[in-house]
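Let's take a walk through this structure together. Have a look at the model first, and then we'll go through it piece by piece.

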Amino acid sequence: MFVTAAYAQQSTTTEGAEAHDAAAAGEVHTETGVAHEGEAGSGVFPPFDTTHFASQLLWLAITFGLFYLLMSKVIIPRIGGILETRHDRIAQDLDEASRLKGEADAAIASYEQDLAAAKSKGHKIADDARESAKAKANADRTAVEADLAKKISAAEDRIADIKAKALADVGAIAEETATAVVKQLIGGTVTKAEITAAVKASASN
């Protein structure tokens, strides 16, 4: 078969391009971790690949340092400030509660003292009122009894006067009656002194 120089050069150029494309394709497959056609994969997970341990440890140290700085410079001071603020607030609340409790206890003690004083004063007022009422009742009873005794004495005096007057009238009536009876019975007359003595004698019997 006859091959010209131009055809041979073109064939060489084409084969070189295909080889270059195949090499480029092999690099791409290697970078993505996928085995090239016809080649077997290593089967190792990239983070567990010993060839990457140094870089992983370096990034781990850098990340841990940054995290430590963030914690020590930002997060921990903020948390400490928050805890300190809450501690101060709780302490203030406890002090305020203690103060209010003391005031409440003092108010209760004062109230109880005032209540005891009011009860004592009330008992004293009641006792004084009872004694005053008792004294007034005794005075009123004494006055009523004295007035009643005076009225009874006056009534007794009037009764005695009426009785004496009645007895006097009875004596006069008896004398007159006795004089009339004697005159009718014996037809004679008797003296007034005799009639009076006879009436008195009959009254005493």
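Let's jump straight in with a small cluster of charged side chains: E96, R99 and E103 are linked in a network of salt bridges. Keep in mind as you look that this is a predicted model, so the confidence scores will matter later on. Zoom in on one link of that network, where the side chains of R99 and E103 meet with N and O 2.6 Å apart. A salt bridge here needs a Lys or Arg nitrogen within 4 Å of an Asp or Glu carboxyl oxygen, so this pair qualifies.

What separates E103 and R99 along their helix? They sit 4 residues apart in helix α2, which covers residues 53-186, and that means about one helical turn lies between them. As for how open they are to the outside, E103 has 43% relative accessibility, so it counts as partly exposed. R99 falls in the partly exposed class too, because its value is 39%.

Now slide along to another pair. K124 forms a salt bridge with D128, and their closest N and O atoms are 3.1 Å apart. Both residues lie in helix α2, again with a spacing of 4 residues, or about one turn of the helix. Is K124 buried or exposed? It is exposed, with a relative accessible area of 52%. Its partner D128 has 43% relative accessibility and counts as partly exposed.

A further pair to find is K151 and D147, whose side chains meet in a salt bridge at 3.3 Å, N to O. These two are also 4 residues apart in helix α2, so about one helical turn separates them. K151 counts as exposed, at 52% relative accessibility, while D147 is partly exposed at 36%. How many salt bridges does the structure hold? The count is 7, and the pairs we've just visited are among them.

Charged pairs aren't the whole story, so let's turn to some nonpolar side chains. L58, W59, I62, F64, L66, Y68 and L69 form a nonpolar patch on the surface, and together they have about 810 Å² of accessible area. Pick out Y68, which is found in helix α2. Y68 counts as exposed because its relative accessibility is 53%, and the exposed class begins over 50%.

Time to step back and take in the chain. It has 3 helices and 0 strands, and reading along the sequence you get the pattern α-α-α. Of the chain's 205 residues, 3% count as buried. The area the chain exposes is about 17,600 Å², with carbon and sulfur atoms supplying 64% of it.

Finally, how about the confidence? The mean pLDDT of the chain is 76, and 63% of its residues reach 70 or more. Among the elements, helix α2 has the highest mean pLDDT, at 87, whereas helix α1 (residues 5-32) has the lowest, at 47. Over residues 1-9 the pLDDT stays under 50, and the model gives that stretch 1 contact beyond four places in sequence. Residues 22-41 are also below 50, and that stretch has 6 contacts in the model beyond near neighbours in sequence.

Note on methods:
Residues numbered from 1 in each chain as written. Predicted model: local features only at pLDDT ≥ 70, side-chain atom pairs only at ≥ 80, totals over all residues. Heavy atoms only, no water. Buried < 20%, exposed > 50% of the residue type's maximum accessible area, 1.4 Å probe, protein only. Patch = residues over 30% accessible without salt bridge, like charges linked within 9 Å, V, L, I, M, F, W, Y side chains within 5 Å. Areas by Shrake-Rupley, 256 points an atom, 1.4 Å probe, with all protein chains shown as cover. pLDDT = per-residue confidence, 0-100. Contact = heavy atoms within 4.5 Å.
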